[in-house]
Amino acid sequence: MTSVRVLVGTRKGAFVLTSDGKRDKWEVSGPHFPGLEIFHMKGSPLNPDRLYASQCSDWFGQVVHRSDDGGKTWSPVSNEFLYEGIPGTHQWYDGTPHPWDFRRVWHFEPSLTDVDTVYAGVEDAALFRSTDGGMSWTELAGLRQHGTGPNWQPGAGGMCLHTILLDPSNPARIYIAISAAGAFRSDDAGASWLPINRGLKSEYIPDPDAEVGHCVHHVALHPARPNVLFMQKHWDVMRSDNAGDSWYEISGNLPTDFGFVVDVHAHEPDTVYVVPIKSDSEHYPLDGKLAVYRSRTGGNEWEALTKGLPQRDCYVNVLRDAMAIDKLDSCGVYFGTTGGQVYASADAGDNWSAVVHDLPAVLSVEVQTLS
Amino acid sequence: MIRVRLPTHLRRLAGSGAEVTIEVSGPVTQRSVLDALEARYPMLRGTIRDQVTQQRRPFVRFFACQEDLSHDSPDALLPDAVAAGTEPFLVVGAIAGG
């Protein structure tokens with residue numbers, strides 16, 4: 001019997017939502033790690049009971065937890081993220097050089113091929129890898145040291161490496177994205193990297209077509225077609241058909257192309273989801289109406305999905321890692337809001353309902369499809 | 001025997017009670033107490049002081065005998081009462097709203 005497990009990271013702890021394949025009745029467990037920010041949780045695709053959780057606080061810093069029983073119990077693993085060599089500097093908000101300084105893990109990405117290997121995207125932006133289930137971490141320093149690092153600068157949320165995509169057809173290929181540096185690709189398992197930002201245009205940086213400096217909010221791919229990438233940039237929804245070598249805009253008829261999340265349907269590589277947010281200075285839906293937009297044409301033509309979502313007085317945000325999609329035949333879509341709601345659709349977005357209404361602000365949502 | 005009192009989040013992480021006891025050989029200083037604490041509870045590494053610089057995290061304070069010792073040298077001797085185990089060394093999360 002199939003079921004789903006939704007992993008929700010919030011400002012004040014983690015929550016695990018579980019349901020059978022119908023996804024109409026839910027059990028909620030938590031808060032796990034009560035009172036502490038959980039930036040992200042994710043499970044191994046090889047062993048779904050192996051989960052990682054990123055806990056951080058301004059008081060006590062970063063702690064990494066691992067569960068080997070699907071989130072029933074957790075144990076701390078290594079929180080030692082040491083930049084390789086002399087870290088050097090990146091740009092600070094005012095353009096002055098600023099030393100690289102570890103702050104937190106934004107995203108875990110467990111390996112598709114080895115259960116003990118997991119990647120961590122951190123702030124200040126860098127990519128780390130563990131090959132022992134999180135007991136130790138090593139920086140893949142070729143990313144930070146490939147040459148453009150001194151020109152990277154933080155977005156408002158910090159200089160974070162927030163997206164890690166592993167190519168299921170090519171174990172040597174990894175995509176990552178950094179706010180505000182852009183997207184990068186490695187074709188040698190993380191040893192060397194190139195910026196892949198051609199075609200991005202960002203009016204908020206001195207050279208709108210610069211090689212780096214773009215505030216990429218999130219990137220998604222469909223595993224059956226990993227050369228096609230979908231990006232929600234600060235402004236603009238973008239697409240690449242050549243593994244990031246070049247990008248073109250697919251915002252089309254979206255009412256606003258600012259936003260944070262982007263994701264792809266489990267079975268339809270050209271069906272894409274975003275949640276438009278009013279603007280870079282007003283982080284809430286247009287006109288107080290929460291809507292997911294879906295394109296079934298790989299972009300440009302978008303339809304609003306609103307059934308079951310609040311259509312008045314809604315002023316929440318949906319953060320970059322707060323949307324996930326399950327793999328059941330009727331594809332489930334989930335997203336969390338800064339207002340503490342987690343919405344679920346068991347029919348690819350046509351109908352929505354709130355699984356929970358009153359959690360702390362949701363930072364991240366991941367879903368596991370279990371059998 | 002040195003008594004160390006931990007804040008709630010660190011108690012949960014360490015799986016301990018409010019107060020733990022550790023043995024310190026040699027001079028009883030912030031550094032030697034925290035070294036012994038982290039040796040006994042390795043999951044606390046990085047939560048009280050930076051793993052590289054060994055500096056106290058900004059929102060963590062050290063109190064003992066009604067004194068704020070946060071800005072003392074990590075190698076300064078702690079009060080005799082802490083060294084004797086009659087008073088605890090307090091690790092405190094600084095007050096902050098929200």
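Colleague: How many bridges join S4(A) to strand S5 (residues 51-57) of chain A?

Modeller: Six, and the two strands run antiparallel. A strand is a DSSP run of type E with at least two residues; a helix is a run of H or I with at least four; both are numbered from the N terminus. Two strands pair if DSSP finds at least two bridges between them. Six bridges meet that cut-off, so S4(A) and S5(A) pair. One match puts Gly43(A) opposite Leu51(A).

Colleague: What kind of model is this?

Modeller: This is a predicted model: local features need pLDDT of at least 70, side-chain atom pairs count only at pLDDT 80 or more, and totals for chains, interfaces and linings use all residues. Residues are numbered from 1 along each chain as its sequence is written, while chains are lettered from A and ligands numbered from 1 in the order in which they are written.

Colleague: What pLDDT does chain B average?

Modeller: Chain B averages 95, and 98% of its residues score at least 70. Set that against the scale: pLDDT is the predictor's confidence in each residue, from 0 to 100. For the complex, the predictor gives an ipTM of 0.91 and a pTM of 0.96.

Colleague: Back to the strands. What holds strands of a sheet together as pairs?

Modeller: They pair through backbone hydrogen bonds, either parallel or antiparallel.

Colleague: Why is one side of S4 and of S7 of chain A left without a neighbour in the sheet?

Modeller: The sheet is open, with four strands in the order S4-S5-S6-S7 (chain A) and antiparallel pairing. Strands S4 (37-43) and S7 (75-77) stand at the edges with a single partner strand each, so one side of each has no neighbour in the sheet. From one strand to the next, the twist averages 30°. That angle is taken between N-to-C directions of axes, which are lines fitted to C-alpha atoms (for helices, over the stretch in contact), and can run from 0 to 180 degrees.

Colleague: Which are the edge strands of the open sheet S18-S19-S20-S21 (chain A)?

Modeller: Strands S18 (216-221) and S21 (248-249), as each pairs on one side only. Inside that order, strand S19 (residues 229-233) and S20(A) pair in the antiparallel sense over four bridges. Gln232(A) stands opposite Val237(A) there.

Colleague: Arg239(A) is in strand S20 (residues 237-240) of chain A. Why is Arg239(A) called buried or exposed?

Modeller: Count the other C-beta atoms, placed from the backbone, within 10 Å of its own: 20 or more means buried, 12 or fewer exposed, and in between partly exposed. Arg239(A) has 21, so it is buried. Two residues are in contact if their C-beta atoms, placed from the backbone, lie within 7 Å. Beyond four places in sequence, Arg239(A) touches residues including Phe230(A), Trp247(A) and Gly298(A).

Colleague: Is Asp124(A) buried or exposed?

Modeller: Buried: Asp124(A) has 24 other C-beta atoms within 10 Å. Asp124(A) lies in the loop between strand S11 (118-123) and strand S12 (126-130) of chain A. Met159(A) is 35 residues away in sequence, yet 5.2 Å away in space, C-alpha to C-alpha. Met159(A) is among the residues that Asp124(A) touches, along with others including His90(A) and Trp100(A).

Colleague: What makes strand S16 (residues 182-186) of chain A largely enclosed?

Modeller: Four of its five residues are buried, so the rest of the structure largely encloses it. S16(A) pairs antiparallel with S15(A) over five bridges, and a hairpin of two residues joins them. S16(A) also pairs antiparallel with strand S17 (residues 194-195) over two bridges. Two just meets the cut-off of at least two, so this counts as a pair.

Colleague: How many residues of strand S14 (residues 160-166) of chain A are buried?

Modeller: Seven of seven. Six bridges join S14(A) to strand S15 (residues 174-179), and these run antiparallel. Leu166(A) has Ile174(A) as its bridge partner.

Colleague: Which residues of the largest nonpolar core touch the most other members?

Modeller: Among them are Ile176(A), Val8(A) and Tyr334(A), in a core of 133 residues. A nonpolar core is a set of buried Ala, Val, Leu, Ile, Met, Phe, Trp, Tyr and Cys residues joined through C-beta atoms within 7 Å. Contacts of Ile176(A) include Leu161(A) and Phe184(A).

Colleague: How many residues of chain B are in contact with chain A?

Modeller: 13, and they meet 13 residues of chain A. Helix H1 (residues 8-14) of chain B gives the largest share of that side, three residues.
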